[in-house]
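This report describes the fold of a single chain, moving from its strands to its helices, its cores and a few individual residues. Please keep the sequence and the structure in view while reading.

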Amino acid sequence: NAQLPAIAKFVLAVIALAACGLAISFAFKLECWGGIFLLRSQYGLKLLDSLAKKYPKLWQRFAEIGMVIGYGSLAYFLMRKAKIQWKNEVATYAAGTVILVLVSGILPIAMATLLSMMSGGSEFSSAGSRFQTAASQFEIFRYLAIAFLVLGGISLVTTMSIITYAGIVGAAIIGALLGNPAPLASTPPGGVPLLPGVNLDLVQGIAALAVVLIVHEGMHGILARLYKLPLKSAGLVFFGFLPFGAFVDIDEKKLFAEKKEKQNAVLVGGTAANFATAIFFLALLLLFVSIAGFLPQEFARYTARFLALTFALNVIVAAVNLVPLRLFDGYHI
C-alpha cells in the first residue's frame, strides 16, 4: 500500500520475511532464529586453507590495516602486541589512516548510490538528509564527527550515527503516541530491506550481494586458517527467501580461546575485505565510465549499474558490520 508510512512498510516487510523464514526452516528442518536460517556446505574450505598458507604476512598486514580503518586510534589496543619493526607499524597506521579518510568520504556516496538504484528508495533517502539537518543545527556535531573518526574509526562514527537517528525516530514515535502523528508520517526509518527482484534488479542484486558475501566470509576463513583454527563448514544465511548473509563456520570454542588480538584479526578481516572490494569496484566503475561511450549503450548502462551497486553494498555492509550488535562482528571485537 503506497499510502502507508515508510516505517510501516519496513515493519511489515520484516514480519513477512520472518514468517517466510520460519515456514521454510520448519518444512526442511533447518537451523532457524526468528526467520533467519542457515544452509551449510564443505565447498571451498580447501581453497581458503591454501591461500592462508601461501601469503601469511599479507593477510596479517591486511587485517591490521582493516583494524585501523574500523577502529581508528583504538586499533592499537585491539591488534597483536608481538614486537614488530617500527617501520612496518608506521606503514600500517599510515595506510590505514589514508583509507579510513577515503572510506569516511565515500560512505555517504555509497548510501546515495544504493538508494538511487532502489525502487522506492526515495522514501528512505531523506533519512540521511534529516540526520544532517538535525546535526547541522549544532556546531559541536562537526567536531564530534571528526573526533569519533580519529578515536574509533568507522565503527564509532556509524554507531553514533545510528544511535542519533534512532533518537529522531523515537521522538517521532513518542509524539505520535501523545497525539501528534505528523512527524512520524514524515520520518523515514534508517534502514530498508534489500530485495533483489523487488526493490533491486534481480540479476544485479544477487550478483552484487554474492560478491559482498564471498569476499567477507572468505577473508574470515583465510585468517582463521592463518591461526590454525579449524573450519567446520561454509554456507549462506537467509532471512525469509532473501539471501541475508554468508558464513564460514569457525570452531568458536577455539576461536574465543585464542588471544584477543588473534580473535580480532579474524573478525575484522571480513569488513576489511569489503572495504578493499568497494574501493576496487569504485576504481573499476570510474575506469568503465571513461570508456563507456565506445560500448553499446544498454550494455554500458547495465554494467555500470552493477559496478555501482557492488561498490555501494560493500561499503555499507562493512560499516554496519562494525556496529556492536549481536550477529555482527563488531559485537565480538
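In which sense do strand S1 and strand S2 pair, and over how many bridges? In this predicted model, S1 (residues 32-33) and S2 (residues 36-41) pair in the antiparallel sense, over 2 bridges.

**Overall composition**

The chain has 333 residues, of which 42% count as buried. Its secondary structure comprises 13 helices and 4 strands. Among contacts between residues at least 6 apart in sequence, 72% join residues at least 24 apart.

**The strands**

S1 and S2 form a hairpin, with 2 residues between the strands. Glycine 34 lies in the turn of this hairpin and has a positive phi of about 60°. Across the pair, tryptophan 33 stands opposite isoleucine 36 in S2.

S2 is also joined to strand S3 (residues 231-239), by 6 bridges, and these two strands run antiparallel. Two facing pairs can be located here: leucine 39 stands opposite leucine 236 in S3, and isoleucine 36 stands opposite phenylalanine 239 in S3. Isoleucine 36 therefore faces tryptophan 33 as well as phenylalanine 239 of S3. Because 7 of the 9 residues of S3 are buried, this strand is largely enclosed by the rest of the structure.

**Crossing of H3 and H7**

How do helix H3 and helix H7 cross, and within what distance do their axes come? The axes of H3 (residues 56-71) and H7 (residues 140-177) come within 4 Å and cross at roughly 90°. An angle of 65 to 115 degrees counts as roughly perpendicular, so H3 is roughly perpendicular to H7. On the H3 side the contact involves Ile69, Gly70 and Tyr71, which meet Leu151, Gly152, Gly153, Ile154 and Ser155 in H7. By type, the residues of this contact divide into 4 nonpolar, 4 polar and no charged.

**The nonpolar cores**

The largest nonpolar core has 65 residues. Those with the most contacts inside this core are Tyr71, Leu114, Ile154, Ile250, Val266, Phe311 and Leu313. Helix H12 (residues 297-321) supplies the largest share of the core, 11 residues. Apart from this core lies another, of 9 residues, among them Leu17, Ala18, Leu38 and Phe247.

Two residues named in the largest core, Tyr71 and Ile154, also take part in the contact of H3 with H7. Valine 266 gives a further view of the core's surroundings. Leaving aside neighbours within four places in sequence, valine 266 is in contact with His220, Leu223, Ala224, Tyr227, Leu229, Ile250 and Leu255.

**Individual residues**

Two histidines and two lysines are compared below by location and relative accessible area.

| Residue | Location | Relative accessible area |
|---|---|---|
| Histidine 216 | helix H9 | 7%, buried |
| Histidine 332 | helix H13 (residues 329-332) | 35%, partly exposed |
| Lysine 29 | loop between helix H1 (6-28) and S1 | 76%, exposed |
| Lysine 228 | loop between helix H9 (202-226) and S3 | 61%, exposed |

Is histidine 216 buried or exposed? At 7% relative accessibility, histidine 216 counts as buried, because the cut-off for buried is under 20%. Not counting residues up to four places away in sequence, histidine 216 touches Gly270, Thr271, Asn274, Asn321 and Asp329.

Histidine 332, by contrast, is partly exposed. Leaving aside neighbours within four places in sequence, histidine 332 is in contact with Phe256, Asn264 and Leu267. The C-alpha atoms of histidine 332 and leucine 267 are separated by 7.7 Å, although the two residues are 65 apart along the chain.

The two lysines call for a remark on backbone geometry. Most residues other than glycine have a negative phi. Lysine 29, however, has a positive phi, near 55°. Lysine 228 likewise has a positive phi, of about 60°, although it is not a glycine. Lysine 29 lies in the loop that precedes S1 and follows H1, while lysine 228 lies in the loop between H9 and S3. Both side chains belong to residues that count as exposed, lysine 29 at 76% and lysine 228 at 61%.

Notes:
Residues numbered from 1 in each chain as written. Predicted model: local features only at pLDDT ≥ 70, side-chain atom pairs only at ≥ 80, totals over all residues. Heavy atoms only, no water. Core = buried A, V, L, I, M, F, W, Y, C linked by side-chain atoms within 4.5 Å. Buried < 20%, exposed > 50% of the residue type's maximum accessible area, 1.4 Å probe, protein only. Contact = heavy atoms within 4.5 Å. Pairing = 2+ DSSP bridges. Axes fitted to C-alpha atoms, helices over the stretch in contact; angles between N-to-C directions. Parallel < 35°, antiparallel > 145°, perpendicular 65-115°, else oblique. Nonpolar A, V, L, I, M, F, W, Y, C, P; charged D, E, K, R; others polar.
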